[in-house]
Amino acid sequence: MKIDTVLTPNDLLPAIRRMWALSADKIVAIDRSMDRSAGAPVHTVAGVYKPRGWTDWTQGFEFGSAILQFDATGDESFLAMGLDRICAEMPVHVTHFGVHDHGFNQISTFGNLRRLMGEGRLPHDPWQLEYFELALKCSGAVQANRWTELGDGYGFIQSFNGPHSLFIDTMRTLRVLALAHQLGHVMKGEGDQVIPLLGRMIAHARTTAQYGVFYGEGRDIYDLRGRTAHEAIFNTASRAFRCVGTQQGYSGFSTWTRGLAWAITGYAELLEFMETVEEEEVEAFGGKAEVVAMMEKAAAATCDFYIAHTATDGIPYWDTGAPGLRDLGDVYARESEPENDVEPVDSSAAAIAAQGLLRFGAWREATGRADAARYRQAGLTVLRTLLSDRYLSIDPEHQGLVLHSQYHRPNGWDHVPPGRHNPCGEATMWGDYHMRELALYVQRLAENGPYLTFFG
């Protein structure tokens, strides 16, 4: 990446405002056209959002986008839309025991509503606030219940593949455990055993840092500092780590860049959260200094890897090991080529990672660490590219917001336009939601608004 060292949030504010204007019509178009009985919108096909997936893990991103639109613009029609859809559609997700996606669905909806009430943007209604917080507490406990215990402070929330499977994606969903803990909630097991949600959050983050993130320390011959594996697989009988793998990347020994992005933003956001946690709360789980050091090591490594393995404009290709990259030459020495016919880029990975880069920079600055500006400027550089006409969907007939996003390249689920050989020009619900969240984060920096956190 070629980092712009002088770019500021204020420089991006006009483009961010243009984005919100485009975003409004797209949210309305999706809401009017979706057949909810067929499932949640996942990705666009020829510009129209369609359901496609293993679970409805994108439902919260759809309705959360309406809440973010209100947050950024003050247009109360989007607040009304979001509240109506959340109350009607999201309760079933709160008690969904079959997924590892609670931090995606519930923080994007109930979490954003709670935050806005706390900021005074919504009228203070004690019973409505209790409804939001109860949903978050329950969701945190349900998420934490999908547990594989490894012992010695290690364990993980199981992916939907089963108790042997740890996904890198889940780093961003840990925030629902963090918020439920902050709200004073615990999980209870047999015999009223109290299971602290903070402990499970930390154990999952530690296990992911150990087995899902690489540090160039000789773990195997593919051990390159900062790369991530999509999946870590364990023997549930012996609790032993067995191997890395992937569901949506090219291989376990290359880096699926959306998984990398989930790790970047997951660790950066939890580092910010840990600043609010008292030392005595963490003593039983390794101590605050150890936990912060573990998270910082993982965040720094993954951020550095991202910066080194993107095109000069900050956009990554979908997997660093994608076999066609060799035919494209040095893709990291020039701007991204989203419409090439060899290997696709993934703008959704960029939208997710940019926020993590910004947050990691902000955390480093707040805690007096070096190199804060490097990460902050990298995040702003990525956002500038996403706001450009090459990536922002300016066609009013296209329901997507950020073009050239990928869902599942190995399965061939992404739309290939007629006459082309590669998926391009389409959007995903998580890419669009995270673009909105990223833009809101930077907008608040430019306007000196409240610093955006999930726990504020």
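# A walk from His404 into the helices

Start by selecting His404, which is buried, with a relative accessible area of 3%. (Buried means under 20% relative accessible area, exposed over 50% and partly exposed in between, using a 1.4 Å probe and protein chains only.) What you have open is a predicted model, in which local features need pLDDT of at least 70 and side-chain atom pairs count only at pLDDT 80 or more, while totals for chains, interfaces and linings use all residues. Residues are numbered from 1 along each chain as its sequence is written, and side-chain values use heavy atoms, leaving out hydrogens and water.

**First stop: the loop between H14 and H15**

His404 sits in the loop between H14 and H15. (Helices, H or I of at least four residues, and strands, E of at least two, are DSSP runs numbered from the N terminus.) Look at the backbone here: phi of His404 is near 70 degrees, a positive value in a residue other than glycine. Most residues other than glycine have a negative phi.

Now select Ser405, found in the loop between H14 and H15. Ser405 is buried too, with a relative accessible area of 4%. Which side chain does the side chain of Ser405 meet in a polar contact? The partner is Thr428, at 2.6 Å. (A polar contact is a pair of N or O atoms within 3.5 Å; within protein, one must be able to donate a hydrogen and the other to accept it, and residues adjacent in sequence count only if both atoms are side-chain atoms.) Leaving aside neighbours within four places in sequence, Ser405 is in contact with several residues, including Asp346, Ser348, Asp414 and Trp430. (Contact means heavy atoms within 4.5 Å.)

Stay in this loop and pick His408, which lies between H14 and H15. His408 is buried, at a relative accessible area of 2%. Show the backbone of Gln247 as well: its oxygen lies 3.2 Å from a polar atom of the His408 side chain. Beyond four places in sequence, the contacts of His408 are Trp54, Gln247, Gln248, Trp413 and Asp414.

**Second stop: the helices on either side of the loop**

Select residues 372–386 to light up helix H14. H14 has 15 residues and reaches 22 Å from its first C-alpha to its last, close to the 21 Å expected at 1.5 Å a residue. (The expected span is 1.5 Å times one less than the number of residues.) Because 11 of the 15 residues of H14 are buried, this helix is largely enclosed by the rest of the structure. Among those buried residues are Tyr375, Gln377, Leu380 and Leu383. What do the buried residues of H14 pack against? Colour helices H1 (9–33), H11 (288–308), H13 (347–366) and H15 (429–446) to see the partners.

Move on to H15, which has 18 residues and reaches 26 Å, close to the 26 Å expected. In H15, 17 of the 18 residues are buried, so it is largely enclosed by the rest of the structure. After H15 comes Asn448, whose phi is positive, near 55 degrees.

**Third stop: H9 against H11**

Keep H11 coloured and add helix H9, residues 257–274. Their axes come within 9 Å and cross at roughly 145 degrees. (Axes are lines fitted to C-alpha atoms, for helices over the stretch in contact, and angles run from 0 to 180 degrees between N-to-C directions.) Residues to show from H9 include Leu260, Ile264 and Tyr267, and those from H11 include Val291, Met295 and Phe305. The residues of this contact divide into 16 nonpolar, 1 polar and 2 charged. (Ala, Val, Leu, Ile, Met, Phe, Trp, Tyr, Cys and Pro count as nonpolar, Asp, Glu, Lys and Arg as charged, and the others, Gly among them, as polar.)

**Fourth stop: Ser336**

Next, find Ser336 in the loop between helix H12 (325–328) and H13. Ser336 is buried, with a relative accessible area of 2%. Its side chain makes a polar contact with the side chain of Asp313 at 2.8 Å, and another with that of Tyr391 at 2.6 Å.

**Last stop: the end of strand E3**

Finish at Gly151, in strand E3 (residues 147–151). Gly151 counts as buried, at 14% relative accessibility. Now select Asp152, in the loop between E3 and strand E4 (154–157). Is Asp152 buried or exposed? Asp152 is exposed, with a relative accessible area of 77%. Its phi is near 60 degrees, a positive value in a residue other than glycine.
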